[in-house]
Amino acid sequence: MTALFVSDLHIDADRPHVLQGLNDLIEREAPSADALYILGDLVEVWIGDDDDSETAEAVRDALSRAARLCPLRIMHGNRDFLFGQRFARDVGGELIEDPHIAEIDGQRVLLTHGDALCTEDTAYQLARQLFRSEAWQKDILGKSLEERRELARQMRQESRRANANKPENIMDVTPHEVAALMRRTGCKTLIHGHTHRPGMHDVRLGDKVGTRYVLGDWDRCGWFIRFDKAPELACFPL
């Protein structure tokens, strides 16, 4: 089995090269893949499945093309937590929970966006809890598209201000949380995104050693993992 993993594309109207990069990856890799996993933050912002913007339509078109080539599985990130079942049906994909355990080539692989592991950032964790709540989402989705677009603009500005003043270390995953989750799920391999710090790290799991693979964000380079017997972290120029 060959599986593909991406995260943190942050597709936006101001970054058309990223959407083109996704289309290129789909055309090149999806025909020979058994599954494509998107581990959160596919888009910079998602205001609801009724979004009729040009960018939203282009994202739907790209994912629909991918789903015709291989099974498509989508996880929420901290930017696209309003993806709903309508969106999944529109593109022919499946929404998966965070965390999620995938069976790949006989191996149990733990998948997560990664933000829930950044427990040192207590302010963010409180905001995450609010944004993932059913009541908050119901209230937001009850507003007009224009109201939601304005709210999304304000939230992006506030997020940039908040992150600019945070120490770098609290915006990375907490090592003991990583190890605890891997031990609890019995998985020796973890794949996540969110931190924008691509790499591969050993994780001590008692008398065993696991591996944490981190996907990078799509800016100058399109990061992805190709899993064929073992994960391979790679990137291509955008």
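## Two cores, one sheet and some aromatic rings

Let's start inside: the largest nonpolar core has 37 residues, and those with the most contacts within it are Ile11, Leu22, Leu42, Leu63 and Ile74. (A nonpolar core is a set of buried Ala, Val, Leu, Ile, Met, Phe, Trp, Tyr and Cys residues joined through side-chain atoms within 4.5 Å; buried means under 20% relative accessible area, exposed over 50%, partly exposed in between, using a 1.4 Å probe and protein chains only.) Apart from this core lies another, of 16 residues, including Phe5, Val109, Leu215 and Ile225.

Keep in mind that this is a predicted model: local features need pLDDT of at least 70, side-chain atom pairs count only at pLDDT 80 or more, and totals for chains, interfaces and linings use all residues. Residues are numbered from 1 along each chain as its sequence is written, and side-chain values use heavy atoms, with hydrogens and water left out.

Who does Leu22 touch? Leaving aside residues up to four places away in sequence, its partners are Leu9, Ile11, Leu42, Ala62, Leu63 and Trp218. (Contact means heavy atoms within 4.5 Å.)

Now for the sheet. Six strands form an open sheet in the order β4-β3-β2-β1-β10-β11, with mixed pairing. (Strands are DSSP runs of E, at least two residues, and helices are runs of H or I, at least four, numbered from the N terminus; two strands pair if DSSP finds at least two bridges between them.) At the edges stand β4 (94-96) and β11 (230-237), each with a single partner strand, so one side of each has no neighbour in the sheet. Strand β10 (residues 221-228) runs antiparallel to β11, and eight bridges join them. Ile225 stands opposite Leu233 in β11.

Aromatic rings come next, with nine aromatic pairs in the structure. (Rings of Phe, Tyr and Trp, using its six-membered ring, pair if their centres lie within 6.5 Å; planes under 30 degrees apart count as stacked, over 60 as edge-to-face and the rest as tilted.) Trp218 and Phe236 make an edge-to-face pair, 5.5 Å centre to centre with 85° between the planes. Trp218 lies in the loop between β9 (208-214) and β10, and Phe236 in strand β11, so the pair ties together parts 18 residues apart in sequence.

Here is how buried the two partners are:

| Residue | Relative accessibility |
|---|---|
| Trp218 | 0%, buried |
| Phe236 | 11%, buried |

Ring pairs also link Trp46, Phe83 and Phe87 into a cluster.
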